[in-house]
Amino acid sequence: MQRVMLQGKLHQARVTHSVLEYEGSCAIDQDLLDAAGILEYEEIQIYNIDNGERFTTYAISGERGSKVISVNGAAARRADKGDRIIICAFVRLDAEEVQKHKPSLVYLDAENNIVRTSKAIPVQVA
């Protein structure tokens with residue numbers, strides 16, 4: 001049996017561009033992709049904090065150091081410049097791998113600078 005587990009995420013990324021007339025996907029600063037362990041052309045889920053939209057696309061490399069998060073093609077209808085989004089990638093793991101797995105969690109500020117990284121999400125208290 002395999003389970004689908006969070007592999008990496010960029011939390012509270014800000015959309016810098018929303019380009020309808022572009023060949024689909026989401027361009028992400030290569031430094032941010034590296035930090036989250038997301039590969040170019042990998043499937044990603046995007047969750048828009050500001051409007052509640054959730055959609056699937058794939059990552060493409062943006063200029064290293066640019067802080068770009070560009071939602072392109074049809075997905076541009078689901079995110080506007082300035083929107084806060086969460087970008088997640090998932091991986092299928094077998095039971096043995098699940099026991100050792102730790103996701104790459106990357107937390108960003110309003111300018112898409114990395115403010116901290118983690119391997120675990122804090123326990124939510126009531």
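This is a short walk through the sheet, the core and one helix residue of the structure above.

One caution before the details. The model is predicted.

Let's start with the sheet. It is open, it has nine strands, and the pairing is mixed. The order runs β2-β6-β3-β5-β4-β7-β1-β8-β9. Which strands stand at the edges? They are β2, residues 17-19, and β9, residues 114-118. Each has a single partner strand, so one side of each is left without a neighbour in the sheet. From one strand to the next, the twist averages 30 degrees.

Now some of the pairings. At the β2 edge, β2 and β6 run parallel, over three bridges. His 17 has its bridge partner in β6, and that partner is Ser 70.

Move inward to β5. How does β5 pair with β3, parallel or antiparallel? Parallel, over four bridges. One bridge to look at there joins Cys 26 to Ala 59 of β5.

With β4, the pairing of β5 is antiparallel, over five bridges. Glu 43 is bridged to Tyr 58 in β5. β4 and β5 also form a hairpin, with five residues between them. Check Gly 52 in that turn: its phi is positive, about 80 degrees.

Next, the core. In soluble globular proteins, nonpolar side chains tend to be buried together. Here the largest nonpolar core holds 22 residues. Which of them touch the most other members? Leu 10, Ile 28, Ile 38, Ile 44, Ile 69 and Ile 87. Who supplies the core? At least two residues each come from β1 (2-14), β3 (25-29), α1 (30-36), β4 (43-48), β5 (54-62), β6 (69-72), β7 (84-94) and β8 (104-108).

Take Ile 69 as a worked case. Set aside its neighbours within four places in sequence. Its contacts then include Ala 13, Arg 14, Val 15, Thr 16 and His 17. Cys 26, Ala 27, Ile 28 and Leu 32 are also in contact with Ile 69. So are Ile 85, Ile 87 and Asn 112. Two of those names are familiar: Ile 28 and Ile 87 are on the list of core members with the most touches.

Last stop, helix α2, residues 95-100. Gln 99 lies in it. Is Gln 99 buried or exposed? Its relative accessible area is 67%, and exposed means over 50%, so Gln 99 counts as exposed. Compare its position with Cys 88. The two are eleven residues apart in sequence, and their C-alpha atoms are 20 Å apart in space.

That's the tour. Over to you.

Note on methods:
Residues are numbered from 1 along each chain as its sequence is written. This is a predicted model: local features need pLDDT of at least 70, side-chain atom pairs count only at pLDDT 80 or more; totals for chains, interfaces and linings use all residues. Side-chain values use heavy atoms; hydrogens and water are left out. Buried means under 20% relative accessible area, exposed over 50%, partly exposed in between (1.4 Å probe, protein chains only). A nonpolar core is a set of buried Ala, Val, Leu, Ile, Met, Phe, Trp, Tyr and Cys residues joined through side-chain atoms within 4.5 Å. Contact means heavy atoms within 4.5 Å. Two strands pair if DSSP finds at least two bridges between them. Axes are lines fitted to C-alpha atoms, for helices over the stretch in contact, and angles run from 0 to 180 degrees between N-to-C directions.
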